[in-house]
Amino acid sequence: MQREDIANSLIVSCQPVPGGPMDSAQFVTGFARAALEAGAKALRIESVPYVAAARLAVRVPIIGIVKRDLTDSPVRITPYLADVEALAEAGADIIAFDATDRVRPVPVEALVKAVKARNKLTMADCSCLDDARRALAAGVDFVGTTLSGYVGGPEPEDPDIALIAQMRTLTPYVIAEGRIRSPEQAAAAARAGACAVVVGSAITRTEHVTSWFHQAISEAYAARGTQTVLGPTVLGIDIGGTKTMAALVSGGKVIEDMIVPTAREAGPDAWLASLAQSTSAWSSRFSRIGIAVTGLVHDGRWSALNPATLGIPDGYPLVERASAVFGKPVCAFNDAQAAAWGEYKFGAGQGRDIVFLTISTGIGGGIVCNGRLLSGLAGHFGLIRGLSADHAPLEDSTSGRWIASQALKAGFKADAADVFGRALKGEAWADAIVSRSASRVATLCRDIQMMFDPKSIVIGGSIGLADGYLDRVRALLGEVPPRLSSNLVAAKLAGHAGVIGVADLAEWAR
């Protein structure tokens with residue numbers, strides 16, 4: 001093909017959400033055919049199998065890419081020469097690759113040479129004007145704005161129209177790509193000088209575009225004050241070992257919240273009475289209640305699995321007592337499972353199957369598989385045994401309680417936060433304690449990957465999100481072969497994951 005074959009055109013990126021319900025060759029080829037019937041002139045497709053499937057279904061130009069999550073490089077798009085060869089063999093006409101100035105497995109010049117050797121065209125996915133200059137000097141055919149806003153710092157909301165115009169001063173073969181979500185934005189990209197415009201999520205990722213509409217509508221209804229009619233606000237409660245959070249939640253957003261200490265010795269009856277009193281000013285603003293608690297919840301009854309985290313009477317009738325105290329419908333879930341659902345639906349999970357680990361006073365977890373939250377005992381990773389000589393529960397040799405106890409044994413009266421602070425200052429005793437905890441979590445993550453193979457392991461909790469902790473865990477997993485490695489990501493909802501997740505689950509339980 002020639003570069004002019006895609007001039008003045010719409011290119012549709014047919015990349016389903018990885019692990020989502022449309023992540024199959026059948027949907028990719030369906031997206032491709034539908035896009036072409038509506039006027040698209042070319043396609044951008046990820047993975048060798050999907051390029052090969054689309055090649056059998058269509059005759060238009062295909063931009064092929066391979067995405068990889070590497071442990072030794074931030075480059076994700078077509079990082080290896082073998083990827084170039086496989087895409088060319090599968091039928092890609094243009095092969096795109098990351099052209100940013102970052103640590104990379106293969107130089108851009110080598111990728112260009114490999115593509116040219118296969119008589120294919122090249123597209124450099126750039127983040128800035130300097131990337132484009134270097135790529136053009138290496139002989140690429142097209143430069144794209146694909147990676148603008150994705151190489152560090154907060155992700156922008158809008159496409160980088162200014163970069164399109166700047167690149168146009170270097171070459172007429174500029175492909176606009178990245179955060180183009182409306183016809184108006186696509187037209188602006190064309191006016192700025194792009195020879196072609198790529199649109200992806202707004203056309204082929206149903207999960208993403210639905211979430212945009214859902215968020216906009218929820219915010220509009222909240223502003224109108226009509227949530228009580230069209231989507232009841234839920235009171236989310238997260239009872240933890242050291243503190244309890246109550247929050248008004250609507251559409252995955254926390255409207256208002258409060259935190260009170262958990263009076264451990266008072267017991268659940270007193271906790272519920274205190275919460276009802278503390279939230280009494282909100283009583284007219286919510287219609288249902290979701291409660292997230294540490295331990296096991298079965299048929300509305302609450303039992304402790306590790307009384308050291310929070311001791312409660314076995315089989316405490318949580319749903320029954322809470323319904324009586326608040327006078328409204330109540331449902332209850334394990335706190336880590338609720339947080340897993342919150343991160344899956346509204347946070348770092350991005351709608352993909354995940355395992356969630358919260359590392360805090362204790363260790364909890366949740367599993368979302370095939371879009372379904374696993375309940376019961378599933379995810380209680382803190383209680384697994386075998387990683388210590390005495391076969392004690394993992395959380396007893398890893399969590400915040402353990403970190404504080406080890407500090408005391410070392411002669412320092414310090415809580416977990418103090419230990420982390422001293423480790424950051426270079427105090428060897430503190431660094432050794434944090435390192436042992438991180439090592440055990442790394443082993444757990446490797447085991448989880450082998451058992452469930454999730455798209456991501458999302459790490460939350462005050463210990464899991466402590467400064468430098470996740471980096472330690474990642475470093476310990478650095479030598480794991482890529483196929484066996486875990487994609488560790490920090491929880492996005494932080495301390496609100498539990499209340500957001502349980503509030504959404506309460507709505508599902510209607």
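This passage describes the nonpolar cores, helix H4 and residue Val249 of a predicted model. Residues are numbered from 1 along each chain as its sequence is written. Local features need pLDDT of at least 70 and side-chain atom pairs count only at pLDDT 80 or more, while totals for chains, interfaces and linings use all residues; side-chain values use heavy atoms, with hydrogens and water left out.

The largest nonpolar core (a set of buried Ala, Val, Leu, Ile, Met, Phe, Trp, Tyr and Cys residues joined through side-chain atoms within 4.5 Å) has 49 residues. Buried denotes under 20% relative accessible area, exposed over 50%, and partly exposed the range in between (1.4 Å probe, protein chains only). Cys14, Ile45, Phe97, Ala124, Val143, Met167 and Val197 touch the most other members of this core. Helix H4 (residues 108-117) supplies its largest share, five residues; helices (H or I, at least four residues) and strands (E, at least two) are DSSP runs, numbered from the N terminus. A second, separate core comprises 37 residues, including Leu357, Leu374, Ala423 and Ile433.

Within H4, Val108, Leu111, Val112, Ala114 and Val115 are buried. These buried residues line one face of the helix, because they fall within an arc of 165° seen down its axis (directions from the helix axis to the C-beta atoms). Lys113 and Ala117, on the other side of H4, are exposed. The cover over the buried residues includes helix H3 (81-90), strand S4 (94-98) and strand S5 (121-125).

Val249 lies in strand S10 (residues 243-250) and counts as buried, at 4% relative accessibility. Beyond its neighbours within four places in sequence, Val249 is in contact (heavy atoms within 4.5 Å) with Thr233, Val234, Val254, Val499, Ile500 and Ala503.
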